[in-house]
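This report introduces one protein chain to a reader who has not met it before. The sequence and structure come next, followed by short notes on the chain, its sheet and one helix.

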Amino acid sequence: MDRRQRRNPSASSSAFSSPASSSSRFRSEKFSSNPPKTSNSLEDAHQLKSKCGKPQRPEQEEEEEQDPNNLLSLVGTCPFMCPDGERAQRERLWDLAVFERLHGNPGKTSPSLAVKKFCRTIATKHMQASDVRPLPVLEETLNYLLNLLDATEHPFEVVHDFVFDRTRSIRQDLSMQNIVNDQTIHMYEEMGESLSLWLGCVPSLILKSKEMCFARRLLRLFRMGNYKRFLCTTATEASYLQYYIIEPYINEVRALTLSCVNYCGYKLHPYPIAHLSKLLMMKELDVESFCNACGLETSTDERGNKFLSTKQTNFHYPKEVFPSYCLLGLEHF
């Protein structure tokens, strides 16, 4: 029995079988007038934020974030695999993966091909319902992506990168809508099972290689949010080439670490920058710059010791690209 037969029959029947069938499903839907947005455009993120109404006081934002009712307020209405605004802008920017190109044209796609990209810079309260896909659309999108795993005309890494990013976007939409039910559990199982079966097709010699074992272990730590082991493993085990492949994700993991320290810390006991330096595996001066880039303020006591006050409400992922901070522990390079 192959992977398609093991899948939920009801889910499989709604999969995107072809561009023609998909386009007919969406033919009656109207395009929204939302401004274009992509996961790589920070300027659009700011525009989207400005559309959400009048500026709010920090106290108001904190109250909204702490109100559990806000988690249930967002219900997606996007009928496509990719919001039409994002799709239009990605066409203009030629930001289309090979699977999304209509007739191979890098500047043209369609609702049956474009799939929403993962975006780490936009908070739930700044999203519009028309930019988030409801559960039925997410299920169909997942089935479409899983069918791509059977593609043989593209290299392994090309398929993997596309499916990994787009399934991550699916998880993000589920999370933003706080959807937790049997269907979502099945979807998570499908993502895990299908990727495992797909990896099973990779030659054993490659799967058991030192490089593949390292990559899979690091990916698992990244997905789990185990920032300490992720940074330590990178510093002690990564080769020169592997480090420069991993480097774009290091600051993302550091930002996650900083978020945990900030939100989980005790307000009356500021966190020493010296300790944070060891945790983030970066120089103390760089730590201060990094904190500021994430919207957090540091302070200095009368003895000259520097601290990070916790429970700050202005934490955010940087609006600009991080500087290239050194990762301490790379003495073997």
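## Overall make-up

The protein chain holds 15 helices and three strands. The model is a predicted one.

Of the chain's 333 residues, 41% count as buried. Its accessible surface amounts to about 18,400 Å², and carbon and sulfur atoms account for 55% of that area. Among contacts between residues at least 6 apart in sequence, 72% link residues at least 24 apart.

## The sheet

The three strands form an open sheet in the order 1-3-2, and the pairing is antiparallel. Strand 1 (271-272) and strand 2 are at the edges with a single partner strand each, so each has one side without a neighbour in the sheet.

Between strand 2 and strand 3 there are three bridges, in the antiparallel sense. In this part of the sheet, Thr-298 lies opposite Leu-308 of strand 3.

## Helix 15

Which residues of helix 15 are buried? In this helix, which spans residues 284-293, they are Val-287, Glu-288, Phe-290 and Cys-291. These residues lie on the same side of helix 15 because they cover an arc of only 165° around the axis.

The cover over the buried residues of helix 15 includes helix 13 (240-264) and helix 14 (273-280). Strand 2 (298-300) and strand 3 (306-308) are also among the elements that cover them. Just after helix 15 comes Gly-295, which has a positive phi of about 85°.

Conventions. Residues are numbered from 1 along each chain as its sequence is written. This is a predicted model: local features need pLDDT of at least 70, side-chain atom pairs count only at pLDDT 80 or more; totals for chains, interfaces and linings use all residues. Side-chain values use heavy atoms; hydrogens and water are left out. Buried means under 20% relative accessible area, exposed over 50%, partly exposed in between (1.4 Å probe, protein chains only). Helices (H or I, at least four residues) and strands (E, at least two) are DSSP runs, numbered from the N terminus. The arc is that of the directions from the helix axis to the C-beta atoms. Contact means heavy atoms within 4.5 Å. Accessible areas come from the Shrake-Rupley method with a 1.4 Å probe; for residues, only the protein chains shown count as cover. Two strands pair if DSSP finds at least two bridges between them.
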